[in-house]
Structure formats: C-alpha cells, structure tokens
Amino acid sequence: MLNSEVLSEQLAAFAEAQHIAGASMAVYARGEIAEAAAGQVNVPAAIDAGVTSVFQIGSITKVFTATLMYQLAERGDIDIDAPVSRYLPELKIDRKSAPDTLTIRSLLNYSAGMEGEFFKDFGPDPKALSEYIDACSSLRFIHEPGKMRAYNSTAYCIAGRVIEKVTGQDYNSALRDILLIPLGLERYGFYDHDVTRYRTAVGHEWNPESNSFNVPKTLRLPHCMSASGASLSMSALDLLKFG
C-alpha cells in the first residue's frame with residue numbers, strides 16, 4: 001500500500017542530501033496513486049513545494065513530441081518514413097536542401113545527423129520556430145542521416161516545425177489540443193504567463209560557498225525550442241497521467 005507521508009519523508013531526505021531546493025513526485029502502483037512534495041519551489045520568496053506544484057519537465061517533452069507525431073501518422077496526416085523535405089521544403093542544412101535520407105523517423109530516433117545542440121533565441125512569438133528552421137542553414141551534418149545515433153535537440157525542433165506545418169497550429173497549441181486536453185491533463189503551461197496560475201518552480205542553483213540556493217538569471221530556454229523541451233511545465237500527477 002502506498003503511503004504519501006512516507007514518500008514525503010523519503011523525498012525530503014533525498015532532496016536535502018542532494019542539495020535540491022524543492023521537488024514533487026507521483027507514484028502509481030497496484031491501482032493506487034500517491035503524491036509527495038518536499039522543500040520549496042522558490043527559496044527567495046519562501047514558497048513551499050506542494051503536490052500541485054508545476055515544474056519544467058525539460059527533455060521529457062521529446063516523448064510528448066514523438067507521441068504527437070505518431071498520432072498524426074495514425075490519422076494519416078504524416079508519413080513517418082517520408083523525407084522531411086516533403087513537409088519542410090525550406091529546410092537547409094549546411095546551406096543545402098535536406099537530403100531524402102533525412103526522414104521524420106530519423107528526427108525522432110536520434111539518427112538525423114546534424115549538429116544537435118543548436119540553441120538560438122528568436123523570442124516568445126509562436127512564429128519563432130520558423131525562424132529557427134531558417135537558421136539551421138548554418139549547421140553541418142556530422143554523419144549521414146540514418147547511419148548513427150546521437151542525442152539531438154535540433155532534430156526535435158525540426159520535428160516541431162513539421163507538426164506546425166501539418167496541423168496549421170503553432171507547436172504548443174497543437175500539443176495542447178491533440179494530446180494534453182484529450183488526456184485530461186489539468187496543470188500545465190508553456191509560457192511564464194501560463195505557469196503563474198500555479199505554484200511554480202523557478203529553478204535553483206546550489207552555491208556551496210554560501211551554503212545556499214540561487215535563482216539563475218535565465219529561467220527558460222528559448223521558446224522556439226519547445227518541441228525539444230524548452231517550455232512545457234506540469235505537475236507530477238499530470239506527468240504520471242501521460243505515462
């Protein structure tokens with residue numbers, strides 16, 4: 001039998017030992033769900049963490065992106081094994097048109113081959129991802145698509161733009177309408193003005209010299225990288241529901 005009180009005690013001990021400012025968790029086992037929280041989501045403001053607190057989920061978002069892409073494939077809107085150029089003819093890598101070996105599947109399984117850590121900020125406008133795609137022209141291929149695998153955030157940003165072109169919506173709206181709402185998720189957001197509705201974690205850095213937590217100056221990655229993990233925040237229970 002799950003015990004939320006015991007889980008909270010264990011989580012608090014772990015967070016303290018690992019210098020984690022605040023955390024929340026949700027566990028499903030044998031038909032039961034238990035939630036726990038410990039610490040603070042904003043140390044300077046003295047805001048305690050709770051089971052309804054919202055945290056950035058980072059690159060777990062890539063799983064959401066892949067799931068959304070396969071939903072579009074199931075309803076016949078996209079061919080997973082088609083060249084990316086079918087949906088993004090404007091995409092260029094190394095100032096050349098994307099080869100046919102660069103497929104939708106290669107974007108999702110980390111075999112796309114281009115430089116994968118391309119972080120560039122085009123502001124919070126929903127149209128920023130199209131500008132990101134244009135900027136990919138300056139990137140190079142490290143290997144031919146499909147030949148090797150390596151973690152690739154750039155590929156997931158490109159996948160996000162494919163989703164936009166196919167659905168006619170910006171990525172965040174498509175994810176919300178096609179996946180998050182139908183799943184019945186309740187506490188999530190993409191932008192700062194979204195998550196201020198909740199008890200939201202700001203993120204912290206541990207300073208061993210002062211034996212204290214600092215809030216970093218940059219709270220989020222560029223919004224044009226939403227599909228790879230820059231924006232989506234949610235509660236532990238909502239993340240568990242998706243799982």
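How many aromatic pairs does a search of the whole structure find? The search finds 6 aromatic pairs. Here, rings of Phe, Tyr and Trp (its six-membered ring) count as a pair if their centres lie within 6.5 Å; planes under 30 degrees apart are called stacked, over 60 edge-to-face, and the rest tilted.

Before going on, a word on what you're looking at. This is a predicted model, where local features need pLDDT of at least 70 and side-chain atom pairs count only at pLDDT 80 or more, while totals for chains, interfaces and linings use all residues. Residues are numbered from 1 along each chain as its sequence is written, and side-chain values use heavy atoms, with hydrogens and water left out.

**Rings**

Back to those rings. Phe 64 and Phe 242 have ring centres 3.7 Å apart and planes at 15°, so this pair is stacked. The two sit 178 residues apart, with Phe 64 in helix 2 (residues 61-74) and Phe 242 in helix 8 (residues 236-242), so to speak of the pair is to speak of a link between distant parts of the chain. Helices here are DSSP runs of H or I with at least four residues, strands are runs of E with at least two, and both are numbered from the N terminus. Both Phe 64 and Phe 242 are buried, meaning under 20% relative accessible area (exposed is over 50%, partly exposed is in between; 1.4 Å probe, protein chains only). Elsewhere, ring pairs join Tyr 110, Tyr 151 and Tyr 156 into a cluster.

**Helix 1**

Now for helix 1. Its 14 residues (residues 4-17) should span 20 Å at 1.5 Å a residue (the expected span is 1.5 Å times one less than the number of residues), and the end C-alpha atoms are indeed 20 Å apart. Leu 7, Leu 11 and Ala 15 are buried. They cover an arc of only 65° around the axis (taken from the directions from the helix axis to the C-beta atoms), which puts them on the same side of helix 1. An α-helix has 3.6 residues a turn, so residues three or four places apart point the same way. On the other side, Glu 5, Gln 10, Glu 16 and Ala 17 are exposed. What covers the buried residues includes strand 1 (22-29) and strand 2 (32-42).

At the start of helix 1, a side-chain oxygen of Asn 3 comes to within 2.9 Å of the backbone nitrogen of Glu 5. Just after the helix, His 19 has a positive phi of about 55°.

**A little sheet**

There's also an open sheet of 3 strands, in the order 4-10-7, with antiparallel pairing. Strand 4 (55-56) and strand 7 (188-189) are at the edges with a single partner strand each, so one side of each has no neighbour in the sheet. Strands 4 and 10 (residues 233-234) are joined by 2 bridges, and two strands pair if DSSP finds at least two bridges between them. Phe 55 has Met 234 as its bridge partner in strand 10.

**Two serines in loops**

Finally, meet two serines. For the table, a polar contact is a pair of N or O atoms within 3.5 Å; within protein, one must be able to donate a hydrogen and the other to accept it, and residues adjacent in sequence count only if both atoms are side-chain atoms.

| Serine | Loop | Relative accessibility | Side chain reaches |
|---|---|---|---|
| Ser 111 | helix 3 (104-108) to helix 4 (128-135) | 5%, buried | side chain of Asn 109, 2.6 Å |
| Ser 228 | strand 9 (212-214) to strand 10 | 5%, buried | backbone oxygen of Met 225, 3.0 Å |

Leaving out residues up to four places away in sequence, Ser 111 touches residues including His 143 and Arg 149 (contact means heavy atoms within 4.5 Å).
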